[in-house]
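Dear colleague,

I am passing on the structure we spoke about, and I would be glad if you could look through it with the notes below at hand.

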Protein chains: 2
Amino acid sequence: MSANHPTIKEIALRLNVSISTVSRALHDHPRIGIKTKERVKELAREMKYEPNAQAIFFKQQKTAVIGVVLPSIKEEFFSQAISGIEAAATQYDYTILFGQSHDDPAIEKRVIESMKRQRVDGIIISLSKNTNKISYLKEIETAGIPIVFFDRVPDQPDVHKVYCDIYKSTIDMVNWLYSRGYRKIAMINGPANLTASRERLEGYKQALSQKKMKVDMRYFETTDLTKEGTTTAMKKLLSLKNGPTAVISFNDYVHMDATQYAHMQGININKDIAFVSYSNLSITDYTAFPPLLSVEQYPYGQGEQAMETIIRAMKGEHEKDFFYHEEVPTTLVIHGTNHIR
Amino acid sequence: MSANHPTIKEIALRLNVSISTVSRALHDHPRIGIKTKERVKELAREMKYEPNAQAIFFKQQKTAVIGVVLPSIKEEFFSQAISGIEAAATQYDYTILFGQSHDDPAIEKRVIESMKRQRVDGIIISLSKNTNKISYLKEIETAGIPIVFFDRVPDQPDVHKVYCDIYKSTIDMVNWLYSRGYRKIAMINGPANLTASRERLEGYKQALSQKKMKVDMRYFETTDLTKEGTTTAMKKLLSLKNGPTAVISFNDYVHMDATQYAHMQGININKDIAFVSYSNLSITDYTAFPPLLSVEQYPYGQGEQAMETIIRAMKGEHEKDFFYHEEVPTTLVIHGTNHIR
DNA sequence: TATTGCTGTGCAATCGTTTGCGCATCAATC
DNA sequence: GATTGATGCGCAAACGATTGCACAGCAATA
């Protein structure tokens with residue numbers, strides 16, 4: 001069952017010419033006679049010859065393979081992102097070596113090392129949410145494999161990264177709520193160590209202070225993103241004397257847990273309390289309680305952008321200490337009007 | 001920015017020994033002196049030498065890479081499946097070259113050809129729903145790259161495949177409904193050309209006739225899996241004089257569209273009409289109208305099984321005309337009791 | 001002393017392809 | 001008739017690692 005691919009050597013043998021002649025004939029080298037070219041091409045077709053990409057890339061010290069490491073493809077955001085990456089990759093004749101970290105830094109490292117051994121030409125990664133040391137990644141970059149971070153990117157400036165401005169989206173979101181008359185705006189944020197959480201919190205504070213509202217930390221809760229964590233957070237918000245009239249959830253998954261609990265507590269979702277969120281999952285319109293508003297982060301576009309950025313990084317045309325920081329825009333998507341209930 | 005990996009050649013040069021000595025020392029060859037081994041290993045560590053997997057596999061005419069082609073990773077079924085594939089791959093020291101067909105046979109073929117050029121050691125594929133010619137895949141297999149189909153598999157017996165018994169699941173499902181007193185059981189099936197659809201239909205017919213019920217084709221509709229197709233099908237069912245008391249949907253996505261429409265028509269979901277389905281999406285419990293019952297097809301397990309099967313196929317220990325047909329079990333998962341509404 | 005066997009190492013081929021260089025052959029030019 | 005230039009093709013090295021074979025040096029044996 002071992003692969004039996006024809007080689008230029010066999011073609012050369014059958015045609016009684018040298019290997020180099022076959023190679024050049026197939027590449028339409030000007031110095032090869034036209035009859036020879038035709039004989040070679042004819043036989044190549046007949047034998048279903050296909051160049052051995054492995055051999056070529058081995059010689060050229062490239063692989064035309066990009067490693068892609070994502071936390072979990074079960075999240076719609078990442079499954080969309082990889083589609084964008086793949087689409088762009090196909091366009092540039094690259095293929096995708098795929099791995100998930102499942103938000104475990106140890107697995108993440110193992111996957112990366114394996115990709116390094118495979119000699120991928122570059123790596124696109126969205127960090128596991130528990131990763132805080134990326135020094136080994138910098139080493140890999142120094143060893144000659146460029147890395148582009150996307151969405152879950154490190155704070156530091158000396159990396160290539162593609163991300164969207166959650167800080168700004170959050171301000172937009174609060175402003176939207178404000179313009180609809182909501183004043184008691186709560187937030188169920190993610191773990192404090194995440195950049196994503198920090199951006200949300202800062203945007204939240206900034207927006208409130210722009211509106212001359214004081215930041216009431218009773219309205220600010222966090223969740224570890226588990227159902228239990230979110231339920232606890234929501235419970236606290238609901239127990240407040242002067243409870244919130246609007247709740248911003250970390251993302252649509254948190255939103256679903258929060259609204260599920262609130263509903264069970266007799267809250268009329270989006271009537272008694274307005275719920276808004278991030279991610280804009282496609283499943284949203286089928287859920288029992290869609291958010292009034294969700295921030296669309298265009299994972300597909302981020303994926304495409306990440307691929308284009310790594311290609312530029314691989315070309316290495318940039319200055320030695322230049323790093324790409326690509327910001328992709330977001331949009332507020334309104335759902336509330338046509339939801340099922 | 002080109003990769004600069006140390007090679008055994010450089011180690012040999014620095015140590016004034018031959019390349020072969022370095023290679024053997026690193027592999028603990030018995031004929032290499034102990035001091036030499038230590039000197040070599042020491043320097044290798046120091047230089048952060050890592051064997052060039054590309055070179056090794058090139059020489060061995062292998063890649064340790066498995067191509068995985070899925071219709072669309074946005075479907076939870078496939079995103080779970082690839083996790084299973086990846087987990088098993090990691091265990092056996094294989095990596096995953098990934099591609100989506102987006103249910104387009106032309107793209108599917110392009111992806112496969114590209115993987116062939118990359119000389120993957122094997123291919124795991126779940127067919128695009130529009131694919132009907134797999135002859136070119138048989139050719140690739142003949143050329144020496146084993147192929148394992150999973151979930152969306154061809155009918156023919158002369159292929160390796162991993163799948164679950166939807167025929168049997170459907171019978172179980174109808175029996176479950178029957179035991180709950182439902183007698184007017186409708187089905188919204190998928191496109192007739194899909195094996196998956198045929199199995200559902202046959203199971204449906206078989207179950208009904210086992211219960212001495214006649215198959216009423218007024219209760220049988222199909223959808224092209226678009227929202228419109230499903231809505232039309234549901235509309236027809238609702239317009240019947242003696243309408244169904246239960247509806248079996250092709251999968252949870254169809255189920256969501258069907259129930260969304262039925263709800264808008266004033267049907268009390270799972271009270272007026274019972275809805276059951278296939279896939280058992282994790283999102284189900286957050287949706288407005290979860291199915292009473294959904295068939296769990298264990299995509300993760302199917303993925304693992306597919307990986308194990310391709311590894312066996314690559315070993316080629318089987319008889320020349322033997323093909324693996326691995327059936328993985330399904331389960332009926334009950335939701336109705338704790339759904340939100 | 002000659003043979004045998006062991007230890008430690010190097011040579012060179014191999015995988016498939018590309019490519020710089022060189023060598024013919026032939027026609028055209030001076 | 002010698003030089004030049006174009007044409008057509010082959011040789012061999014290179015990419016990184018593995019491995020069968022050979023060989024030198026040395027000790028033990030006959």
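What follows describes the contact between the protein chains and then the surroundings of each DNA strand.

Please bear in mind throughout that this is a predicted model.

I began with the protein-protein contact, to which chain A and chain B contribute 62 residues each. Between them the two chains bury about 5,500 Å², and 55% of that area lies on carbon and sulfur atoms. As for polar interactions, 22 residue pairs are in polar contact between chain A and chain B, counting pairs in which both residues have pLDDT 80 or more. On the chain A side, the elements that each supply at least two residues to the contact with chain B are α4 (53-60), α5 (76-91), β2 (95-100), α6 (105-117), α11 (252-264) and α12 (299-315). Sorted by class, the residues on that side of chain A comprise 25 nonpolar, 22 polar and 15 charged.

Two details of this interface can be inspected directly. Three salt bridges are found across the interface of chain A and chain B, one of them being the bridge between E139(A) and K48(B), whose closest N and O atoms are 3.4 Å apart. There is also strand pairing between the chains, in that β2(A) runs antiparallel to β2 (residues 95-100) of chain B, with three bridges joining the two strands; within that pairing, F98(A) has I96(B) as its bridge partner.

Turning to the DNA, which residues come nearest to strand C? Of the 28 residues around DNA strand C, the nearest are R24(A) and Y49(A) from chain A, and S18(B), T21(B) and R24(B) from chain B. Of the atoms of strand C that come within 4 Å of the protein, 46% belong to sugar and phosphate. The individual contacts involve both backbone and base: an N or O atom in the side chain of Y49(A) is 2.6 Å from a phosphate oxygen of strand C, and one in the side chain of Q61(B) is 3.1 Å from a phosphate oxygen of that strand, whereas the side chain of R24(B) places an N or O atom 2.5 Å from a base oxygen. Two or more residues of the surface near strand C come from each of α1 (8-15), α2 (19-26) and α4 of chain A, and from each of α2 (19-26) and α4 (53-60) of chain B, with α2(A) giving the largest share, four residues. By class, this surface has nine nonpolar, twelve polar and seven charged residues.

DNA strand D is surrounded by 29 residues, the closest being T21(A), R24(A), T36(A), I8(B) and Y49(B), and sugar and phosphate make up 48% of the strand D atoms that come within 4 Å of the protein. Bases of strand D are approached from chain A, where an N or O atom in the side chain of R31(A) is 2.9 Å from a base oxygen and one in the side chain of K59(A) is 3.1 Å from a base nitrogen. From chain B, a polar backbone atom of I8(B) is 2.7 Å from a phosphate oxygen of strand D. The surface near strand D draws at least two residues from each of α2 and α4 of chain A and from each of α1 (8-15), α2 and α4 of chain B, and its residues divide into ten nonpolar, twelve polar and seven charged.

With best regards

Methods:
Residues numbered from 1 in each chain as written. Chains lettered and ligands numbered in written order. Predicted model: local features only at pLDDT ≥ 70, side-chain atom pairs only at ≥ 80, totals over all residues. Heavy atoms only, no water. Contact = heavy atoms within 4.5 Å. Buried area = accessible area lost by both parts, 1.4 Å probe. Salt bridge = Lys/Arg side-chain N within 4 Å of Asp/Glu carboxyl O. Polar contact = N/O pair within 3.5 Å; in protein donor to acceptor, adjacent residues only side chain to side chain. Nonpolar A, V, L, I, M, F, W, Y, C, P; charged D, E, K, R; others polar. Pairing = 2+ DSSP bridges. Near = heavy atom within 4 Å.
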